[in-house]
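Student: I've got a model to go through and I keep tripping over the vocabulary. Can we work through it together, term by term?

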Amino acid sequence: MSLSAVLDVRRPGFRLDAALEIAAGEVLALLGPNGAGKTTTVRALAGLDRLTAGHVTADGMVLEHVGHGVRLPPQRRPLGVVFQDDLLFPHLNALDNVAFGPWVQGAERRLARARAGAWLERLGLGGRTHARPRDLSGGEARRVSLARALVLDAPVLLLDEPLAALDAATVLAVRAELGRHLGAHAGATLLVTHDPADMLVLADRLVVLEGGRVVQQGNPAEVARAPRTQFVARLVGLNLHRGRADGSAVHLGGGVTLTVATAMAGDVLVAFAPAAVSLHHALPAGSSRDSWPARVVGLEPYGDTVRVSLDAPPAVRADVTLAAAHELQLRPDAPVEVAVDAAQVRAYPP
Amino acid sequence: MSRLSPRGRPAGSGQRQRGPGRDRDRDVPLPLLVPALAAVAFLVLPLLALLVRAPWRRMPALLLDARVLDALLLSLWTATLAAAASLVLGVPLAWLLARTSFPGRGLVRALVTVPLVLPPVVGGIALLLVLGRTGLVGRWLEQWWGFSLPFTTAGVVVAETFVAMPFLVLAVEGALRGADRRNEEVAATLGASPWLAFRRVTLAIVAPGVLAGLVLAWARALGEFGATITFAGNLPGTTQTMPLAIYLRRSSDPDAALVLSLLLLAVSLTVLAGLRGRWAVGQR
């Protein structure tokens with residue numbers, strides 16, 4: 001089942017204004033900083049928040065259409081929802097939490113429990129079926145809440161940060177299980193996440209939401225190669241700057257000019273990896289054409305390299321080896337000369 | 001009562017459970033200790049006096065008096081009906097107050113809790129003005145169905161319900177406000193209608209609060225005096241509940257009044273202890 005929505009939700013001080021199309025079998029990852037409207041999107045699709053304008057359609061079936069005065073209540077929408085805070089029913093044990101949906105939808109109690117038990121087993125909770133939510137660890141509670149939404153085989157899935165706040169080992173196991181399930185899922189899936197790993201492993205396409213609006217969308221590889229906002233750039237680990245192109249020279253703020261491989265003209269975005277940035281001893285007699293002076297703002301170990309944050313303009317992050325960091329005597333406030341490898345800089349229209 | 005309230009355990013009580021010895025070692029400031037002990041004495045001494053001055057030798061004879069038994073049964077019966085009526089009408093009202101917003105909600109909330117602070121006698125008079133033979137509504141009851149509430153057992157239940165229901169409404173509303181309403185939203189996404197979600201999720205979650213409110217309402221109804229005597233009168237066997245019987249015997253036979261008082265005390269303590277034990281077991 002596909003999902004198509006034009007969402008306009010207005011509240012004092014906030015407006016969500018986004019259009020989403022998710023094809024049958026597709027996993028759309030919804031990304032964005034806190035307060036971007038991700039959870040509001042899930043709530044609006046689920047029918048928990050009322051649309052101010054717009055519509056939600058699943059496979060041509062109108063779930064809500066403000067103009068036509070149509071609005072199905074949440075319980076009549078063909079959706080499975082995983083909420084950010086698990087929200088397990090505190091008075092029911094793990095098994096009955098999962099069995100609640102099938103039972104409500106008419107399954108015999110014994111059958112509902114059997115289906116619930118099978119799902120808990122699949123998610124590695126076979127031994128915890130009779131535990132109360134307050135006795136479950138964070139990871140266990142999340143898996144129960146996943147099982148509770150997935151057991152219904154709803155044709156459309158809305159997953160709000162299903163892997164957030166899990167410990168590293170649990171994340172891998174649950175992500176793999178979720179990946180298997182989503183791979184076989186014939187309907188549309190909306191996956192709210194802030195984890196680049198989720199979007200690369202689980203998502204077919206990304207939509208980035210900022211301030212209630214879609215600022216970028218595309219497949220994960222496209223988005224990772226050409227981020228359009230600082231949020232996306234940080235997420236995929238790139239430096240991103242605005243500049244004016246004049247042939248192969250791109251002028252950034254602060255009088256800095258980068259040389260890029262492809263000639264362009266006008267306003268452009270330039271993106272480059274921290275590994276494309278090299279640091280050198282500060283030049284005593286001013287900078288060369290392709291480098292500029294900066295001060296170290298912060299240092300942070302990053303695998304076997306050190307990620308160095310440099311002050312503006314233009315503020316960039318650089319990855320240098322431990323040896324280089326030591327040789328350059330990098331420490332906060334240290335002056336350095338910054339250069340960027342032109343071959344690794346991508347420029348594209350904004 | 002605090003153990004009966006749904007979120008009755010204050011935030012700090014977890015610490016008390018972990019280190020009971022630590023609290024005992026702590027010095028209690030004198031300005032707190034002295035009034036606290038005075039309060040205990042003030043609340044416990046009257047109960048002790050009841051026990052000390054009770055005519056234990058005449059007790060069996062007094063207890064076996066048929067009129068005593070009538071009054072006791074009438075009290076238990078009417079208090080239970082009043083608690084049930086409070087439950088059936090009060091829980092939906094509490095839900096409305098806690099979960100919806102409508103113009104004048106604050107005013108409604110204030111008005112329905114007025115009986116808490118209203119002198120019960122005044123409540124009785126007010127009930128007469130509405131449900132009495134010539135009352136605003138009572139007139140029509142009388143005319144159309146030949147049915148009149150004052151001075152009947154049903155009138156006792158009405159008077160007790162009027163006084164007791166606000167206790168239940170407040171207890172349940174508090175419990176509902178403490179329960180995450182998103183539980184109802186989750187239930188909806190799982191296919192539950194609002195009514196099913198209310199019964200199977202909300203009500204189950206706030207059950208301890210409902211029970212606390214029910215016990216409060218029942219206890220209040222059992223002890224009801226002013227509204228009952230004003231609205232329902234004092235007819236032995238029909239409207240003379242225990243508190244009325246106790247008060248009226250006080251001049252004619254003080255010993256009997258004492259025995260009735262002890263009996264009422266024993267019955268209500270037994271019921272409360274029973275419910276409390278059951279509730280505590282249910283929680284484990």
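Tutor: Sure. Start with burial: a residue is buried under 20% relative accessible area, exposed over 50% and partly exposed in between, using a 1.4 Å probe and protein chains only. At 28% relative accessibility, A:Arg71 falls in that middle band, so A:Arg71 counts as partly exposed. Before going on, the ground rules: this is a predicted model, where local features need pLDDT of at least 70, side-chain atom pairs count only at pLDDT 80 or more, and totals for chains, interfaces and linings use all residues. Residues are numbered from 1 along each chain as its sequence is written, chains are lettered from A and ligands numbered from 1 in the order in which they are written, and side-chain values use heavy atoms, with hydrogens and water left out.

Student: What makes A:Glu64 and A:Arg71 a salt bridge?

Tutor: The term needs a side-chain nitrogen of Lys or Arg within 4 Å of a carboxyl oxygen of Asp or Glu. For A:Glu64 and A:Arg71 the closest N and O atoms are 3.2 Å apart, so the pair qualifies. Side chains of opposite charge can pair when their charged atoms come close.

Student: And A:Glu64, buried or exposed?

Tutor: Buried, because its relative accessible area is 2%.

Student: Why does the pair A:Asp17 and A:Arg213 tie together parts that are apart in sequence?

Tutor: First the bridge itself: the closest N and O atoms of A:Asp17 and A:Arg213 are 3.5 Å apart. A:Asp17 belongs to strand 2 (residues 14–22) of chain A and A:Arg213 to strand 11 (residues 213–218) of chain A, so the pair links parts 196 residues apart in sequence. Helices (H or I, at least four residues) and strands (E, at least two) are DSSP runs, numbered from the N terminus. A:Asp17 has a relative accessible area of 25%, so A:Asp17 is partly exposed. A:Arg213, at 46%, is partly exposed as well. Both also sit in a network of salt bridges that includes A:Asp8, A:Arg10 and A:Arg15.

Student: How many salt bridges are there over all chains?

Tutor: The rule gives 30 over all chains. One of them is in chain B, where B:Glu184 and B:Arg99 have their closest N and O atoms 2.9 Å apart. B:Glu184 is in helix 11 (residues 182–189) of chain B and B:Arg99 in helix 5 (residues 66–99) of chain B, so this pair ties together parts 85 residues apart in sequence. Both B:Glu184 and B:Arg99 are buried.

Student: What makes A:Thr257 and A:His251 a polar contact?

Tutor: A polar contact is a pair of N or O atoms within 3.5 Å; within protein, one must be able to donate a hydrogen and the other to accept it, and residues adjacent in sequence count only if both atoms are side-chain atoms. The side chains of A:Thr257 and A:His251 are joined at 3.0 Å, so the pair meets the distance cut-off. A:Thr257 lies in strand 13 (residues 257–272) of chain A, and with 14% relative accessibility A:Thr257 is buried.

Student: How do the chains look overall?

Tutor: Chain A has nine helices and 19 strands, while chain B has 16 helices and zero strands. Buried residues are 55% of the 350 residues in chain A and 39% of the 284 in chain B.

Student: How many residues of chain A are in contact with chain B?

Tutor: 23, facing 19 residues of chain B; contact means heavy atoms within 4.5 Å. Buried area is the accessible area (1.4 Å probe) that two parts lose on being put together, summed over both, and here that comes to about 1800 Å², with 66% on carbon and sulfur atoms. A:Gln75, A:Leu87 and A:His91 supply 29% of the area that chain A buries against chain B, more than any other three residues.

Student: Which side chains meet in a salt bridge between the two chains?

Tutor: The rule finds two salt bridges across the interface. One of them joins B:Arg182 and A:Asp85, at 3.0 Å from N to O. That distance is within the 4 Å cut-off, so the name fits. The interface also has five residue pairs in polar contact, both residues being at pLDDT 80 or more.
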